[in-house]
Every structure is written in C-alpha cells, then in structure tokens.
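Biologist: I am new to this structure and would like to learn how to read it. Could we go through it one feature at a time?

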Amino acid sequence: MEADTIRAEPWGTRATIPAGTGRRALAATMIAAALFAPGGVAQDADGPQKTTSPSRPARGKEKAMAAETAGPKNRREGATVPVKAGRKVLDSVPGFRYIKDGFDPFALCLKSCLTHLGEPRPYGGLVADSGACFRMAWNHTKWDEGNMGLGHLGPEPFRRGMQCAGYRPRFLVRPEWWQRQTASDIERVPRSADGKRSMRDAIVASIDRGLPVLAFGVVGPPEVSLITGYDEGGEVMVGWSCHAEAHPPKDETEPNGMFRQRDWWEATPGLILLDGKLGEAEVRRVRGEALEWAYRVMTMPKNETHEFGESAYKSWCYGLIRDNEFPEGDETTLQSRRFTFWDGIIMQADRDDAAALLEREAESRLDAAGHLTEAARCLRAEHKMCGRAQAAIGGEMLPSAGLADPVKRRAAIDVIQACRNHYVQATKHLALALGKKPPGVVAGAVPLEGLRPAYRSMTLMGCMLGAIRYLGVDVDPAWLYGISGVAFLMNIDQGVDVSGPTSWGVDPDGRGEPDGKHLVRMLPYLGVTIEHGLAAWVENADFVQKHKEAQVFVREKVDAGIPCVSWDGDWPEYTTVNGYTPDAVVEWTHFVDGGYRVMRWETFGRNITQCFRVFSVEPVESLGDEREAVLKALHFALSLGSTDKPVDLANARGMQAYDLWLHCLETGEWREAQGPGMRYNAACWGECRAYAEAFLRLAGRRLGDELQPLFGEAADHYKVVCTSLTQVQNVLPRDMQREALSAEDQARAAQLLRTARDAEKHGLAAIERIVNVLKAEDRTVNQENADMIRIETKRLILRPFTADDWRDFGELSVYWAAAPGPAFDKWPTSEEASKGSVAYMSTSDKYLAMSLRESGKVVGLLAMNGAEEGGEFDVGHVILSTYQDNDHDREALQALIQHCFDTQGIPAVITHNADHAPQLAPLKSLGFTTKDPKDRGTLVITRQEWDERQRQP
C-alpha cells in the first residue's frame, strides 16, 4: 500500500510533562553536547566518529536531566530481582545512549540487537538502511509531539533496515497500527486477551531462542524499544528503551538498568520479530535499492495526517507563524511547542549519515557520482545549519520568551526554509543520479535558482525580503518593515475582507495608494529600488498591450538575473517570479505544496482579482542616512494617526481602520466578506506590529543612547498592540466559517481591538516625541547644509537662498509691501535689509527660493513654517505678480506640498493668507478649501484629499 494511506497513533499525554523533564528535555541538553557543541562528536562503538557543527550552549530556565543513558551506567549496585518461574533475560544485550549514540530509536535498538548476536553494524549504516536519516515528517492536522516517529512512514523503513542487516522481519501488530497496510509479513492480533496472548507467546518464543524483540512502545511513546527478556511467564517485559528516563516503568529496573514493564500490553501496539536469516543475494538486492528507497522517503506523498519531505518543512513553518498558538506565559502550551520543534531538529540531526551513504554510492556509480556527491554536500550543509533555528529562538533549550516572540520565530522560519532549500537541492540531485525528473522542476523553464520569498503573513514583505536577500543585500527584516512603513500600516476593507492586507497597492511608477508610494520611496535607504514594472486591470482598454509588455518584461529581467515580484490574481497573494517558459511564468509561493506554481500567460491577470502587477527589485547604492530614514518612517507612522474625517465603511487606514474593524465586528458585517478575513487581518497586522516593536528597539540602539528610552517606550506600546491582535485570533471564527460569535466572544474581541487601538495611540504619541527630538537635531544640521533640499519641476527649481539672491529678493520685497495684507507680515525693502534677509534664510531649509530653471531668477519665496497645534503643517508663499498666474505659482506650490506630505508625516497642510484672489487661486485649484467661513484666507487640504486629487487624470 502506498504511503498516503499510513496512519499512526498519537503520542498521547506527553504534552503535560513539566518543563525540564522528559525525553525531549534530555534530548535538548544532549544535542548541545553531541551535535552542536563546538568540537563535539557522536561516536559509534564500531564505526567512525561523526564530526559536528558549532552552536551556542544551552540556555534558559529549563532544568536539564541528570541521567543521560539507557545503558549500563544505570546499574543499581546491590539490586536484585526475585527469581520466579517463567523468567528469561538476555543479559548480554548492550544498552545504548540516546542522542550520544544516535537519534533514531529503531537504529539504536537494532544495533544493540545485532551486537548481541555477534553481527555488529555501525549506527550510521543502520539509520541509512532504514531511510530514517533522509526523512522529514510533520503532522498537518495538529500540533504533534511525535512527528519524528519512524512509524509514520509505514513498515517499509523497518523492513528494509532488518533486511539490510540480514534478517527477515515479521510484524505482529494490533488492528489500529498501520490500518491500511497489508503484506505477507504483517500479522494482526485482536485487541483482546487473545491478542495479548499471541504477542506474549511470540516474545517468549523469540527470547527463548536468544533473539531480542523490537517493539513499538512498551515504555513511553510508540517508538521502537528493545525487549531483551521476560519475567513471570511474560507478564513483565524487560529491555532497553530511549524513553525509560522520561517515562519510568511502574516496576523496578533490572540490576543492569534495563526497564521492567508489567503493563506492557496497552503500551505496545506492535512487534518486529526476527523471522529468520536472509540469503546473501537477497541482502545485496535490498542494499542495492538504497538510493531508490532514499528518494522515496524524500518524496513520499502527503497522507491523512502527515506531510513528508519538502512539504513537511512548509508545515513546520506554517505552525511557527501562527502567532496565536504561542501564548506568552502559557508554559504548558509552550512546552508542547518546544517538544514539537525539537522533533524537526532531531530529524535533521542524522543528515550526515545520509550524506555518507550517498558518498559511498558515488564511489561505485561513476556515471552518477557528480550528482550524488552534490546531494551529499547539500545534506551536510543542512545538518550544519539546522542548529541555527534553535539559536534564533534563543538557544538549544528554546526559552519560553523566545518561543512566544513572533519576530524570533520568524527568524527561525528563515533558517528552516534555508534548510529546506538544501534538502530540495539534495532531492533534485538524487533524482538526476537515478535518471528521474526532479520534483518541482518545470520543463523548459529559464530559472532564477535560489530565489525564494521569506515566509510571512504579509506576502508582499516576504517577497521583498526574499528578493533583497537574493541580491545579496543584508537587511534586518525589522528594519525593512519599519523603514518601509509597513510595520505601522493598517488597512481594513469593507467587512474586514481578506483583501485589506494587500489592497493598499504598490505601483512601480509611483502612482496608486499613498502607503505603496511611501514604500517605493523608502526602499533606496535599504539599498534596493522598484523602478520598473507593469500593472493593468482586465477592464482597462490597454490591458492586452500591457499584458504583452509584462511577458517581455519578465523574460528580460529573468534573463538578467533580476528578481521580480508578481501579483497575477490567480491566488490573491504576492509571489516571486522564479522563471518562465514560452507559455508560462513560473512563480514561488509558500501557499502551495512544493512552492512552485506555473501560471500560463493567457490566464495571467485574468483570474480572481482581474488584474496583474509585476515589478523588479534592483540594487542601488544605499542612501545610507539611517537617521533621515528613521525620521521619514516615523513621520509616515504619524500620518496614519489622523481621525479627522468620518470613517469610510468601504476602506479605512491607520487609526480609523480600528473603528471600521470594530464596526464590522459589532454589526456582523464581517460575515459578508470573502474568506476568513477577520483572522487573516489579525494575523497580518499583528505581524506588522511585532516588527514595529522590533524596529523601534533596533532604531533606538542604532540612533544613540539618549533616544533609547523614548524608542523603548514606543516599543512597549506596540508590544501591547501585537499581543492584543494576536489574541483576537483565538476568539474569531476559524477558516471559512460564518457562524455568529457568541456575545461573550464578540465582547472579548471588541475589547482586545480597543486595547490595541488605545496602545497604538500611546505608541504614536511616543513616536511624535521622538520625531520632535530628531527634527530639533536636524535643524542644527541643516544650518550647515542648507543645500540639502532641492526640488525641480518642469520650469522651476526650489532651493535654499544664497547670498547672491539679495537683488531678486529685494524686488520681491517691494512687491510684497504693496500687496494686500497686514503690516506686520511685510518685510523691509532696503538693500541692507534684503542682504540680511537672504543671509538669514540661507542658514535654514525652512525657506526656499522659487527660481526659474532657464534664467535662475528668483521670482518667489516658499516657507515651511512647521506644524500647528492641530497637526496641520503651515506653508506660505510670496510670488511676484508676473508669475502669480495660477500656472507658475501652482507648479511651485504643488511640488512644495507634495514634498511636505512625503517628508513630514503630516495629516494636512494649512495656509494663512489675506483674502486676495490671485494669492488664493493656485491653492484652490490644487484642492484647498476654506477651513473657517469667517476666515476665507485660511485654506486647508488633508493628505487623503491630496492623494485623491493626484490620482485624478
């Protein structure tokens, strides 16, 4: 029967084991010494030493187990066992040390058995024969502390392991074990007294012949133990187990440390009996299939409960990214997650043995030696890297604070995905060595090898991070989220639809939503840019032309080795573009098994969202000014705090997004939206706020000690926001459900959203104080660098004044003195006064000269007077009457106001003027409106109004 029909028992109640106890706590401390410690070795008694890779020492509050072996060191001096009728124990069967001698219980037990029989074989060979060192398995239905159980792969690993050792196995199992597996060597016994009698008789008969019995369970979880004897006619079983320390048997141990287990029947779902020797020819045949079997293990299809091979890594990461399932302070839950995480690491720990098998085979398969050697190299690279996932969390013991930290878990996800890439490459080369088509390879595709999006809930940011890393640019993910502004973003669409986290738009040409434009403008501070790309909607008249251009664009960029990010509508998330064929684009996403997705060109953009967007991410020389970048990022965060307009029930951003979210929750409108929008939005915006906290702490460290307390205060508030949004997911319905929330759950979700909203308000207030400090420092800098601002338009250059501008300024002063307006707002017109004015203004970029591009003549003054109490940013202008024509003046003011919105993080721009039509005309033509009917010279425009005006043709 194929592997997709395998079922295996869960491990039961191990999730309740307290921290610092149990087999996995022992495993963690031993891994540090045996696998990842500097200079450490895991040594076979009969084989070579296995070199190990470095890692950090174990840290955390967990108390390490004192006992380290399942072998003779547990001997109790002077202990005796009463001799009763019906007892036989094979005392010469050696014990073994879990972790120190190996990571796979089956191989350890078989090694001990063979040593007793005088046919010793090294652990590395046995773990390779069974295929255990090639496996990765993960339960895709629930958190499962038994993922590493070799039984998930069915009987074949045990069968082959026994056959390669020269023995024919016979499986005696209860009905629930491998339910759909049938073979001549599998015999089922009923779950009754008759079944117990059959198993007991088989064990007794084998021991009487001097043959130990490999058994599932007996002590602890249903992994393999070694029964080496019986007592009281078979009512008590005696033997060795990797799990006896964590799950001590009810009976006393034997004098030499073997377990004694009376209630063995309930804990033993099956036996593996040595059913006779195989001929040499049969052994050679099975060993000759080692590579084929290894490949089957690495490409085993998904079954009802588990994914295998490459897809199992995806499930591991999918579990880690679900922030609500790692509740801070819940030690019982975190301990269970810790055990499951260790399972993944332990499965990777034997990759060196897999590599050794491939290297041995390469010596005799010269035609495939290159691919086998490269596959071995990839597996050794995975083995060397896997311990970094623990380091990302905080150490081998996976401290609770690290497990509960979304940012640290995402760092671990990045390591696991890198390990997955090594595993995938090993699988590819093994397939080529066997003459097979490698999985995931698209025939005829021109690929970008190694380009992968990082696994993030915000898929745009995951793709950006993957593209940036592909270019070799080193960017901390928190810095990317923060500088781009996405860490502070919140966008809620009608009904809290799933589109909210992606509909805020990134257009390569700078058009589109303001949040997307901000991201594009900020990327050069990270050493990359989005300068090229295409976007079109099916309803557009130019869709067909843009569609053709997109195909050419993708081919040119892939051929040049430049990563691209795509949104094609088939799956409403972003992907990386990993290649193309004549008929299709090849993409990569974490939302499908295997990662690759082939999108035929004729369907590109003609799917769910009826649009496409594709753009390249290209390296540029970094702007490098961290202080300036942080200031702009924080200005952007403040711009999201505006609540001066009624909430738009179709779409809301920033602080108003909370109000729309609460409205939809309390009115039930969320049930009308597409998909699991409530939970998805909570997951995405919770991830953003986790990175907001991390970014603020990182910025505090980078920008200096004097600012750290302010950054720390802001970060503390965003931690509350993140925690509250994460907890929202535990209250809201799962998946695609639409049932009404209970009144209690609705009230709980609403309270959590209000807590997040209030914490964010406090966070923005702290950010505003940081911005004020940074701006005060920048004013000092600008006095020495007055030429830092330069804005060019079609006919004008806006720049700081210089000493040579005094004549033009004098002309402007004379004009202004005669213009309508109060006397206090006029300037002296003398030559001396004009020279003094330009000398003063040249020390600050608050005042800009409006000069003609062709002649350089200064024809106006533009002033950025700063933010008023209500948050509006005050600007002023004085322009010679010849150029106050609702043309030149409009061009200058449009550029200045765009600059203010781009750089100052402001909610609105305000101007105070006399009620003079030529002075007000360019402002009104730009969309400014009267703030107060009693003061017709004071005009204002909000950022939203401004952006909407800019989008109009």
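Modeller: Start with pairing: two strands pair if DSSP finds at least two bridges between them. Keep in mind that this is a predicted model.

Biologist: In what order do the eight strands of the open sheet lie?

Modeller: The order is β24-β25-β26-β27-β28-β29-β31-β30, and the pairing is mixed. β24 (791-792) and β30 (929-932) are at the edges; each has a single partner strand, so one side of each has no neighbour in the sheet.

Biologist: How many bridges join β25 and β26, and in which sense do they pair?

Modeller: β25, residues 796-800, pairs with β26, residues 847-852, over five bridges in the antiparallel sense. To follow one bridge, take R799: its partner in β26 is A849.

Biologist: Which strands does helix α27 lie across?

Modeller: Helix α27 (residues 943-951) lies across β29 (908-912) and β31 (935-942). Its direction is at about 75° to β31.

Biologist: Now two helices. At what angle do the axes of α15 and α18 cross?

Modeller: Angles between helices are sorted into classes, and 65 to 115 degrees counts as roughly perpendicular. The axes of α15 (residues 477-484) and α18 (residues 626-639) cross at roughly 55° and come within 8 Å. α15 is therefore oblique to α18.

Biologist: Which residues meet there?

Modeller: From α15 there are W479, G482 and I483; from α18 there are E626, A629, V630 and A633. By type, the residues of this contact are five nonpolar, one polar and one charged.

Biologist: Take H518 next. Is it buried or exposed?

Modeller: A residue is buried when its relative accessible area is under 20%. H518 has 3% relative accessibility, so it counts as buried. This residue is part of helix α16 (residues 514-522).

Biologist: Which residues is H518 in contact with, apart from those within four places in sequence?

Modeller: They are I483, S484, G485, K632, A633 and F636. I483 and A633 also appear in the meeting of α15 with α18.

Biologist: How far apart are the end C-alpha atoms of helix α2?

Modeller: The expected span is 1.5 Å times one less than the number of residues. For the twelve residues of α2 (residues 105-116) that gives 16 Å, and the end C-alpha atoms are 17 Å apart, which agrees.

Biologist: How many residues of α2 are buried?

Modeller: Ten of the twelve are, so to speak, under cover: α2 is mostly covered. Among the buried ones are P105, F106, K111 and L114. After the helix comes G118, with a positive phi near 75°.

Definitions and conventions. Residues are numbered from 1 along each chain as its sequence is written. This is a predicted model: local features need pLDDT of at least 70, side-chain atom pairs count only at pLDDT 80 or more; totals for chains, interfaces and linings use all residues. Side-chain values use heavy atoms; hydrogens and water are left out. Helices (H or I, at least four residues) and strands (E, at least two) are DSSP runs, numbered from the N terminus. Buried means under 20% relative accessible area, exposed over 50%, partly exposed in between (1.4 Å probe, protein chains only). Contact means heavy atoms within 4.5 Å. Axes are lines fitted to C-alpha atoms, for helices over the stretch in contact, and angles run from 0 to 180 degrees between N-to-C directions. Angles under 35 degrees count as roughly parallel, over 145 as roughly antiparallel, 65 to 115 as roughly perpendicular and the rest as oblique. Ala, Val, Leu, Ile, Met, Phe, Trp, Tyr, Cys and Pro count as nonpolar, Asp, Glu, Lys and Arg as charged, and the others, Gly among them, as polar.
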